[in-house]
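Me: I would like a close look at a single part of this model, taken strand by strand. Please set out how that part is built and what surrounds it.

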Amino acid sequence: MKTESANGNGNVVLRADDVWKSYDDGAITVLKGADFEVTAGQTVALCGPSGCGKSTLLHLFGGLDEPDRGRVSVNGTEINRHSNLLRLLRHEVGFVFQLHNLIPDLTLEENCLIPTVAAGTDQRSAQARLRHLTDRTGLSHRRDQRIQKLSGGERQRTALCRALMNKPKILLADEPTGSLDEQTSATVFELLLDIVATEGVTLVMATHDRGLAARCDRLLEMHEGRIDESVSVR
Ligand SMILES: Nc1ncnc2c1ncn2[C@@H]1O[C@H](COP(=O)(O)OP(=O)(O)OP(=O)(O)O)[C@@H](O)[C@H]1O
Ligand SMILES: [Mg+2]
């Protein structure tokens with residue numbers, strides 16, 4: 001069951017509750033009591049200087065790491081103690097990595113099909129979904145191309161397709177346009193916003209780009225290991 005938000009504005013799909021995270025046996029403490037919640041369908045920009053902990057926070061929501069203290073919940077389920085974490089991650093959350101993490105020797109199609117194999121999706125549905133996403137992202141003609149032969153923008157769009165293959169309702173995007181020039185970045189971001197709007201996906205995106213952040217419903221600023229939402233974008 002989903003949890004109602006404190007302000008009654010909808011279902012809370014992501015919640016960080018006094019989250020602490022350090023590395024190197026406590027030598028560096030990155031998150032120092034991060035608290036926030038995101039309701040279904042929102043687009044949220046996560047901003048802050050390099051090294052402030054944006055990727056760390058997204059990784060916790062993606063189940064890629066665990067907090068030292070506090071709770072991180074997805075759809076009302078605390079993910080670090082989830083008995084079926086893999087199911088949650090394969091079906092409910094999509095992740096676009098900062099360095100896209102595509103396998104360079106495999107083709108666009110092969111990269112995108114990996115999460116569907118992990119999720120046990122039948123091949124016909126997976127192929128139909130891939131056709132749809134590559135059409136939407138203008139990549140249909142590149143499906144058989146190896147990743148190493150794709151441009152930066154094509155790789156980022158491929159990473160977006162891969163993250164959306166299992167129709168997640170939550171997309172965590174870590175600098176999804178970070179490595180691109182301004183024009184390509186704007187194009188990929190428009191596409192991202194368009195897809196999340198039509199598919200009803202909740203988006204949390206780490207970004208340095210204030211222009212992109214201003215296009216989101218909310219701006220969360222990371223400051224000294226906590227979340228500050230005093231700077232509103234709307
Ligand atoms: N696995 C790790 N082991 C040790 N330190 C780490 C690890 N991962 C991250 N850190 C450190 O934690 C801090 C936060 O890193 P993080 O990658 O979350 O920052 P960020 O806000 O995403 O930065 P950027 O904008 O450069 O991507 C940095 O000082 C980083 O060096
Ligand atoms: Mg980062």
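Reply: In the hairpin formed by β10 and β11, two residues lie between the strands, and Glu224 adopts a positive phi near 50 degrees. Helices (H or I, at least four residues) and strands (E, at least two) are DSSP runs, numbered from the N terminus. The model is a predicted one, in which local features need pLDDT of at least 70, side-chain atom pairs count only at pLDDT 80 or more, and totals for chains, interfaces and linings use all residues. Residues are numbered from 1 along each chain as its sequence is written, while chains are lettered from A and ligands numbered from 1 in the order in which they are written.

The two strands of the hairpin, β10 and β11 (residues 226-228), run antiparallel and are joined by three bridges; strands count as paired if DSSP finds at least two bridges between them. Within this pairing, Glu221 has Asp228 of β11 as its bridge partner. β10 (residues 218-223) also pairs with β4 (residues 43-47), here in the parallel sense and over four bridges. In that pairing Val44 stands opposite Arg218 of β10.

The hairpin belongs to an open sheet of six strands with mixed pairing, ordered β7-β8-β9-β4-β10-β11. The edges are taken by β7 (93-96) and β11, each of which has a single partner strand, so one side of each lacks a neighbour in the sheet. On average, neighbouring strands of this sheet are turned by 20 degrees against each other, direction ignored; the axes are lines fitted to C-alpha atoms, for helices over the stretch in contact, and angles run from 0 to 180 degrees between N-to-C directions. Elsewhere in the sheet, β8 (residues 170-174) and β9 (residues 202-206) pair in the parallel sense over five bridges, with Leu172 opposite Val204 of β9.

Which residues touch the most other members of the largest nonpolar core? Among the 56 residues of that core, they are Ala45, Leu46, Leu172 and Val204. Such a core is a set of buried Ala, Val, Leu, Ile, Met, Phe, Trp, Tyr and Cys residues joined through C-beta atoms within 7 Å. A residue is buried if 20 or more other C-beta atoms lie within 10 Å of its own, exposed if 12 or fewer, and partly exposed in between, with C-beta atoms placed from the backbone. Helix α5 (residues 152-164) makes the greatest contribution to the core, namely five residues.

Leu46 is in contact with Lys54, Leu57, Val204, Met205, Ala206, Leu220 and Met222, when neighbours within four places in sequence are left aside. Contact requires that the C-beta atoms of two residues, placed from the backbone, lie within 7 Å. Ala45 is touched by Leu212, as are Phe189 and Thr207, not counting residues up to four places away in sequence. Leu212 itself is found in helix α7 (residues 210-213) and counts as buried, because it has 22 C-beta neighbours inside 10 Å.

Lys54, one of the contacts of Leu46, also leads to ligand 1. Together with Tyr23, Ser50, Ser55 and Thr56, Lys54 comes nearest among the 13 residues around that ligand. A residue is near a molecule or strand if its C-beta atom, placed from the backbone, lies within 6 Å of it. The elements giving two or more residues to this shell are β3 (28-39) and α1 (54-61), and α1 gives the most, with three.
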